[in-house]
Amino acid sequence: MTDTPPPTWPARTVPCPACGQPARYAPDNPWRPFCSARCKQLDLGAWASEAYRVPDPTPPAPPDDTPPH
Ligand SMILES: [Zn+2]
C-alpha cells in the first residue's frame with residue numbers, strides 16, 4: 001500500500017531553445033522544452049551535423065594480436 005501521490009508536474013512556459021517562442025513545458029507537450037516538433041527536429045539536426053563534423057583525432061590502433069616475432 002503506497003500513499004505516494006503521483007508526481008505532480010506543474011505546467012509552465014519556457015522559452016523554446018530553438019526559436020525563443022514561449023513553449024509549454026508540460027507532460028502534454030511531447031516536444032518540450034521546444035515549442036513544436038519542428039523546433040525539436042532543428043535542434044536534433046544541429047546536434048547531428050555537429051557530431052558528424054567533429055573528426056576523430058585518434059585513429060583506431062591496429063589490433064595488437066600478432067606476435068612480435
Ligand atoms: Zn520553437
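**Figure 1. Cys19 and its contacts in this predicted model.** Let us start with a single cysteine. Setting aside residues within four places of it in sequence, Cys19 is in contact with Cys35 and Cys39. Cys19 sits in a loop, with β1 (12-15) on one side and β2 (22-25) on the other. Is Cys19 buried or exposed? Neither label quite fits: Cys19 is partly exposed, because it has 14 C-beta neighbours inside 10 Å, and a residue needs 20 or more to be buried and 12 or fewer to be exposed.

**Figure 2. Four cysteines of an annotated binding site.** Here we meet the group that Cys19 belongs to. The unreviewed UniProt entry gives the feature "binding site" at Cys16, Cys19, Cys35 and Cys39. These residues are spread over 24 residues of sequence, yet they cluster in space, with a largest C-alpha distance of 8.2 Å.

**Figure 3. Cys39 in helix α1.** Now look at one of the contact partners of Cys19. Cys39 is part of helix α1, which covers residues 37-53. Which residues is Cys39 in contact with, leaving aside its neighbours within four places in sequence? They are Cys16, Ala18, Cys19, Trp31 and Phe34. Cys39 counts as partly exposed because 19 other C-beta atoms lie within 10 Å, while buried residues have 20 or more.

**Figure 4. Cys19 and Leu42.** One last pair to find in the model: Cys19 and Leu42 are 23 residues apart along the chain, and their C-alpha atoms are separated by 9.7 Å.

Conventions: Residues are numbered from 1 along each chain as its sequence is written. This is a predicted model: local features need pLDDT of at least 70, side-chain atom pairs count only at pLDDT 80 or more; totals for chains, interfaces and linings use all residues. UniProt positions are given in the numbering used here, feature names are shortened, and annotations may be inferred rather than shown by experiment. Helices (H or I, at least four residues) and strands (E, at least two) are DSSP runs, numbered from the N terminus. Two residues are in contact if their C-beta atoms, placed from the backbone, lie within 7 Å.
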